[in-house]
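Here is a short report on one protein model. It looks at ring pairs, charged pairs, cysteines and a patch on the surface.

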Amino acid sequence: MEASTRESLEEIQNFKGKYPRQIWSLFFSEMWERFCFYGMRGMLVFFMITQLNFAEKEANLQYGATQAFVYAFTFIGGLFADKILGFRKSLFWGGLLMIVGSLFLAADPHQYFFFGLSFIIIGTGFFKPNISTMVGELYRDGDNRRDGGFSLFYAGINLGAFLGGYVCVAIGKGYMLTSIISEAHRWNVAFGLAAVGMLASLINFHFTKRHLGPIGLKPGHPDAIVKTKPLPKWVEYAVYMLTLIFIPVIQIMVSKTQYTDYFMYTIGPLTLLYLFYEMSKVTKEERNKLIAALVFILFSIIFWGIYEQSGGSLSIFAAKHLNDSLLGAVTLDPNGVNNSGGALFIIALAPLFGLFWIWLGKRKLEPNTIIKFGLGFVFLGLGYYVLFATRLFAHEGMTSLDIFTLALLVITVGELCLSPIGLSIMTKLSPARLQGIMMGMWFLASAYGQYVAGLIGASMAEAKEGSSLADNLVTYTGSYKQLGLYSLIAGIVLIALSPLVRKLMGNVK
């Protein structure tokens, strides 16, 4: 028997204490992968406007398109992991593609911008949904410590997001290491750091595999959790070859935002049809749970469409309308704060949230998952009202970084109520053989949210064209107030639907 399968699944899941020991290793692999991804993501809009001379509307649409493709390909990555590669090989392949893409961007981000992004998009699709699924496999069905584990894992995601989100864009803009890195090479180094982070992630996961038992093994492996017939080796190689052949197609689709419209109009209905096909083969109880999962997925599109202004319109807002003084004592890059402030708050709050859910669970006071989702919308809406309030502290179109940071804190509380719980509930509601697909659908919902976010950001840029700096701020903050209202309404509707969805969830708490 292979060394990686010496520990049985029962032994792994029969852990003592609050967290399984394997979660710490997966925590660090995800942390470094997120360093790579959020480092790249945080630079996109600013780099496109200042280095590639994109108009603000075009940059917002391009950001939405790029992020939509990133998350849409998580569904495809989850599908290939479920059916062919297994979670482990899918993760490694995705990581290698992300390293290659980051190296192209580091070599010449102006010339290879869309080519490098194409590797990162597909690589993230293979990596992202599968490590989350492996976290879910560390827990037995019905283990009330699972939400706490995903909250801790989410802290790992955001530790990487905090480091990559601030450091990469700050180096590119010249806020960090200016005495070491020449102005001509700042962006090369910024994108190159993303490759270093991804390499660290893969090295860490290589040493993690031996402690995962059967978790993540490819379909057909004699020790795999779900028993299926082994596939011919050429099928696995075909996946790798098709991925590389598809890179130029992705490059074209990402660089021309009209293709995003065609893609998004197609991929959603097709994936729903495929899911309905899979649902026809499961029991009634499993089907009800999958319907409940779809409710969470559909509402998450609304959440991410509002939340993900952070990479688009808020990036422009931070660059043009925020001062760089925090609490009157520290000078910080406003774009770096926008990219990493929420992640820093999650690092501080996620473990506390995880322990808080466990504490409430022991006392039978923990709110059900859909109530948590509803609270996520409520806090998101309140955070956008705080963003609206930045206009009250403005002078000649410039406003307070302190109030902006407070808004990020409130929005982060909403994110903690929804996103880590969303990862957890997908694993709870999905049959074992569909977990990769459902995790992919969760991220596909994020793709639609990113797509909507780009459209919203573009509409803000279009509405303010030719206006003064002060008028621009009024336009942006007025739009944020409207988004806050939509979020509050969605939260109230979701909480009202709680009894119906709880019934569909059956024994899942």
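Buried means under 20% relative accessible area, and exposed means over 50%, with partly exposed in between. Phe 126 has a relative accessibility of 4%, so Phe 126 counts as buried. The model is predicted.

**Aromatic rings**

A pair of aromatic rings is described by the distance of the centres and the angle of the planes. The count here comes to 35 aromatic pairs. One of them joins Phe 69 and Phe 263. Their centres lie 4.7 Å apart, the planes meet at 45°, and the pair is tilted. Phe 69 belongs to helix H3 (residues 56-107), while Phe 263 belongs to helix H8 (residues 257-279). The two are 194 residues apart, and the pair links distant parts of the chain. Both Phe 69 and Phe 263 are buried.

Phe 80 and Phe 126 give another pair. Their ring centres are 6.1 Å apart and their planes stand at 10°, so this pair is stacked. Phe 80 lies in helix H3 and Phe 126 in helix H4 (residues 113-137), so the pair ties together parts 46 residues apart in sequence. Phe 80 is partly exposed, at 28% relative accessibility. Phe 126, as noted, is buried at 4%.

Rings also gather in a group. Phe 46, Phe 47, Phe 113, Phe 114, Trp 187 and Phe 191 form one aromatic cluster. A charge joins the scene at Phe 46: the charged end of Lys 173 sits over its ring, 4.6 Å from the centre.

**Salt bridges**

Side chains of opposite charge can pair when their charged atoms come close. How many salt bridges does a search of the whole structure find? The search finds eight. The table shows some of them.

| Salt bridge | Closest N to O distance |
|---|---|
| Arg 34 and Glu 33 | 2.6 Å |
| Lys 89 and Glu 236 | 3.2 Å |
| Asp 333 and Lys 173 | 2.7 Å |

Arg 34 is buried, at 2% relative accessible area. Glu 33 is buried too, at 0%.

Lys 89 forms its salt bridge with Glu 236. That pair links helix H3, which holds Lys 89, to helix H7 (residues 233-255), which holds Glu 236, across 147 residues. Lys 89 is partly exposed at 30% relative accessibility. Glu 236 is buried at 4%.

Lys 173 appears again, now bridged to Asp 333. Asp 333 lies in the loop between strand S2 (330-331) and helix H11 (334-362), and Lys 173 in helix H5 (residues 146-173), so the pair ties together parts 160 residues apart in sequence. Asp 333 is buried, with a relative accessible area of 0%. Lys 173 is partly exposed, at 22%. Shared partners also build a network: salt bridges join Lys 89, Lys 233 and Glu 236.

**Cysteines**

The structure holds zero disulfides. For Cys 36, the nearest cysteine sulfur is that of Cys 168, 8.4 Å away. A disulfide needs sulfur atoms within 2.5 Å, so Cys 36 is in no disulfide. Cys 36 is buried, at 0% relative accessible area. Cys 417 is buried as well, at 3%.

**A nonpolar patch**

Which residues form a nonpolar patch on the surface? They are Leu 485, Tyr 486, Ile 489, Val 493, Leu 497 and Leu 500, with about 510 Å² of accessible area together. Helix H15 (residues 469-496) gives the largest share, four residues. Val 493 lies in helix H15. Val 493 is partly exposed, at 38% relative accessibility.

Technical notes: Residues numbered from 1 in each chain as written. Predicted model: local features only at pLDDT ≥ 70, side-chain atom pairs only at ≥ 80, totals over all residues. Heavy atoms only, no water. Phe/Tyr/Trp six-rings, centres within 6.5 Å; stacked < 30°, edge-to-face > 60°. Buried < 20%, exposed > 50% of the residue type's maximum accessible area, 1.4 Å probe, protein only. Lys NZ or Arg CZ within 6 Å of the ring centre and 35° of its normal. Patch = residues over 30% accessible without salt bridge, like charges linked within 9 Å, V, L, I, M, F, W, Y side chains within 5 Å. Areas by Shrake-Rupley, 256 points an atom, 1.4 Å probe, with all protein chains shown as cover. Salt bridge = Lys/Arg side-chain N within 4 Å of Asp/Glu carboxyl O.
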